[in-house]
Amino acid sequence: MTEWAVELEEVRKSYHTGPIEVRALRGISLQIDSGEFVATAGPSGSGKTTLLNLIGGLDRADAGEVLVAGENLQRLSSGELAHLRLLRIGFVFQTYNLLPVLTAAENAEFTLLLQGVPAHERRERVKALFAEIGLAGLENRRPAELSGGQQQRVAVARAMVTKPALILADEPTANLDSATAIDLLDVMERLNRSTGTTFIFSTHDPQVMERAHRLIRLRDGQIVSDEVRAGQEAVANVQATAGGGL
Amino acid sequence: MTSGLLLVKLSWRNLWRNPRGTLLTALALGLGLALLLISLGLLDGGHEQTITDGVRLGPGDVVVQAKGYQDTGSDDLLLSAATLSTTERFLQTSNIKDDVQGISPRLLATGLLSSSINAAGVRLVGVIPRAERSVSLIPQRMTKGLYLDDDALAEVIIGAGIARKLEAKIGSKVVLMTQPLQQPTSNGDEVSGKEMQSTLLRVSGVFLTGVPAIDDNVVEVSLPVAQKVLGLANGQVTQIALLLRHEGDSPLVADDLRRELSGAPVEVLTWRESLPMLAQILGLDHAFNYVMNGVILTMVGLGILNTILMRVMERRYEFGVCKAIGLRPGQLAIMIIGESLALTTISLLLGLTLGLGVNHYLSTSGLDLRMVFKTGLPPALVFDPILYSRLSVTRIVWSVNIVFVIATLISFYPAFKAARTELPDALKVL
């Protein structure tokens, strides 16, 4: 049996806003293989962020199964989820979310420290990664002294430095101009190719959609299309989920 | 660097994200501690001063007097010369000798003092001037003339209130009228019917203690004069007042004396027993001040809570990110408690500097209460208008500890709130 990097089976999630129930995900089934470079796209409220939150173990599904690297997240405790996030998953957020009181290098080292990686190894890994993604020389700058694009690269470095199996990026280019966004996508794509890390990001941005090797479109909490691209044969993988969808 | 050190580093740097805000907060909290130290210093200084002045203008730290005198105040209750000599001998030879600063036998009675202008009822105190100087404050409070000499056999010193009433000056002649004391005979009957005695005396000094009950009533003569005018030929006295080097030794010295004089018809009282009103007032004052200190500490605590809570609320998103990337709730809580402790430490340093600085000034220059009580000092509490702060190391350690403990306990709530940051809600971009 194939072990997917990420596998979702009939996943449902609802939120309550006062008396109103918002059905964010309506029975999503999905498999993502290791090393894929996947974008989820769709209008606001389509369920992109909820999907990433469930895959990242930041939230729990109401029903269905979410498996990441073979681990069924529904069966893990909060502590086990935190441990999984620390060791296996990297996050890149829309608004960079670096710790303002730490330097760029310290921000990147943060998760390594939490993992207990020795100092010399931390420094070497951060130095190498910074050089690879064009941040060399900026190690000692605080986030406030960096541009938006540089901050987001540091965020990518923080996510990548632990060599996770999976990177989740929630609209990583939303606050960047188009040239900077392309630079960031170059960095992420290069890392995806060189390390084999699976990337899943949500986006509104057509540029990002263009660069994705696989584009999953969502609407009203359902997958409406799932196409594999980037030189591969485009497959309109229309999934018939329990909640419906194309 | 371990993750523990990282948390310390994060806490410290987080504290200085807004240096002005941190310093203002630390200053506010420091002021709380400084107020506490100043309040305790003045309280303890005031009490020490009040006790010292109270006992030195009254019966001393420990007093030996005839049994029943405390309750009746009867001038006829006297100590025999034998009791006096036994007491003096014991205090000179026993191991408590070093605890005793002064011993003054006194003979107390009432009389009428007349000048050519007026007359006033007085409290007559017969003293051995040299001995009285070692116990009483009155010799130090002479405003006119001089205190009595040991060989002053026709002189009297009087309170400023009496001098005013009699319009007496230094050198004025006054007549002291006294009734000889009623002494029990060998068969227990009292001798009565002795005639009033009139004695011509010269005013040699006027004192002002600030206590109306003393200034308007007390006159002092030498002990032989008092014994003569009161018809006592056998060296009796009313009381033996003891001033100790340390007020706190009063109960021990009193116990030793009680044991030594156990066969004699005497009572040995500490100042708390002989001046119960003063002890009660000081007790009430203590209680009131503890309430005030509680208010100060509550304000300090609320200040810390408000500050740390605001810092936590402002950084909910950041905590969400920290949790998302793997920081455990306990580590988040430690980070917040670390920030709180760092802030508290800075506050304590500021508070100590400020509080000890002001206390040093108040302990050397004092606080002149005449600026506050323009119409007169509260007589029961303070005799000296200059109040000197006295702050013991124990008080300082207690204050610092209590503020530190309160700050630590209070920081648990914001830390708990930070640790409970809910994912993914905290990650929603506002």
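Student: How do the residues lining the largest cavity divide by type?
Tutor: This is a predicted model. Gly counts as polar here. The lining splits into six nonpolar, three polar and two charged residues.

Student: Which residues line the largest cavity?
Tutor: The space has a volume of about 70 Å³. Residues of both chains take part in its lining. From chain B come Ala324(B) and Ile325(B). The chain A members are Arg85(A), Leu86(A), Ile89(A), Gly90(A), Phe91(A), Thr111(A), Arg158(A), Ala159(A) and Thr162(A).

Student: Which element gives the most to the lining of the largest cavity?
Tutor: Three elements of chain A give two or more residues each: α2 (78–88), β6 and α5 (148–160). With three residues, the top contributor is β6(A).

Student: How much space lies in the second largest cavity?
Tutor: By the rule used, two cavities reach 30 Å³ or more. For the second largest, the space is about 30 Å³.

Student: Which element supplies the largest share of the lining of the second largest cavity?
Tutor: The lining consists of Leu29(B), Gly30(B), Leu33(B), Val300(B), Ile304(B), Ser347(B), Leu348(B) and Val403(B). At least two residues each come from α2, α11 and α13 (329–364) of chain B. The largest share is three residues, from α2(B).

Student: How many charged residues are in the lining of the second largest cavity?
Tutor: Six of the lining residues are nonpolar. Two are polar. The number of charged residues is none.

Student: Now the pockets. Which residues are closest to the centre of the largest pocket?
Tutor: This pocket holds about 830 Å³ of space. It is lined by 32 residues. Closest to the centre are Leu57(B), Gly58(B), Pro59(B), Ile214(B) and Leu275(B).

Student: Which element gives the largest share of the lining of the largest pocket?
Tutor: Several elements of chain B give two or more residues. Among them are α2 (19–57), β2 (100–114), β3 (119–127) and α11 (276–314). The largest share is four residues, from α11(B).

Student: How do the residues of the lining of the largest pocket divide?
Tutor: Pro counts as nonpolar, and Lys, Arg, Asp and Glu as charged. The split is 18 nonpolar, nine polar and five charged.

Student: Which residues are closest to the centre of the second largest pocket?
Tutor: The volume here is about 710 Å³. The lining has 30 residues. Closest to the centre are Thr49(A), Thr50(A), Asn53(A), Asp170(A) and, from chain B, Lys428(B).

Student: Which element gives the most to the lining of the second largest pocket?
Tutor: The lining divides into 15 nonpolar, ten polar and five charged residues. Two or more residues each come from β1 (6–17), β2 (20–32), α1 (48–55), β6 (89–92) and β7 (166–170) of chain A. With five residues, the most comes from α1(A).

Student: On to the rings. Are Phe37(A) and Phe201(A) stacked or edge-to-face?
Tutor: The structure holds four aromatic pairs over all chains. In this pair the ring centres lie 5.0 Å apart. The planes meet at 70 degrees, and over 60 counts as edge-to-face. The pair is therefore edge-to-face.

Student: How many residues apart are Phe37(A) and Phe201(A)?
Tutor: The pair links distant parts of the chain. Phe37(A) sits in strand β3 (residues 37–41) of chain A, and Phe201(A) in strand β8 (residues 198–203) of chain A. The separation is 164 residues.

Student: Do Phe37(A) and Phe201(A) count as buried or exposed?
Tutor: Buried means under 20% relative accessible area. Phe37(A) has 1% relative accessibility. Phe201(A) has 0%. Both therefore count as buried.

Student: Are the rings of Phe91(A) and Phe93(A) stacked or edge-to-face?
Tutor: Both residues are buried. The ring centres are 5.9 Å apart. The planes lie at 10 degrees, so the pair is stacked.

Student: Which strands are the edge strands of the six-strand sheet in chain A?
Tutor: The open sheet runs in the order β6-β7-β8-β3-β9-β10, with mixed pairing. The twist averages 15 degrees from one strand to the next. An edge strand pairs on one side only, which is the case for β6 and β10 (222–228) of chain A.

Student: Which residue stands opposite Ile167(A)?
Tutor: β7(A) and β8(A) pair in the parallel sense over five bridges. The partner lies in β8(A). It also belongs to an aromatic cluster with Phe37(A) and Phe201(A). The residue opposite is Phe199(A).

Key: Residues are numbered from 1 along each chain as its sequence is written. Chains are lettered from A and ligands numbered from 1 in the order in which they are written. This is a predicted model: local features need pLDDT of at least 70, side-chain atom pairs count only at pLDDT 80 or more; totals for chains, interfaces and linings use all residues. Side-chain values use heavy atoms; hydrogens and water are left out. On a 1 Å grid over the protein atoms alone, a cavity is a set of points where a 1.4 Å probe fits but cannot get out, and a pocket is an open set with protein on both sides within 12 Å along at least five of seven lines; lining residues have an atom within 4 Å of a point. Grid points are joined across faces, edges and corners, and a volume is the space filled by probe spheres set on the points. Rings of Phe, Tyr and Trp (its six-membered ring) pair if their centres lie within 6.5 Å; planes under 30 degrees apart count as stacked, over 60 as edge-to-face and the rest as tilted. Buried means under 20% relative accessible area, exposed over 50%, partly exposed in between (1.4 Å probe, protein chains only). Two strands pair if DSSP finds at least two bridges between them. Axes are lines fitted to C-alpha atoms, for helices over the stretch in contact, and angles run from 0 to 180 degrees between N-to-C directions.
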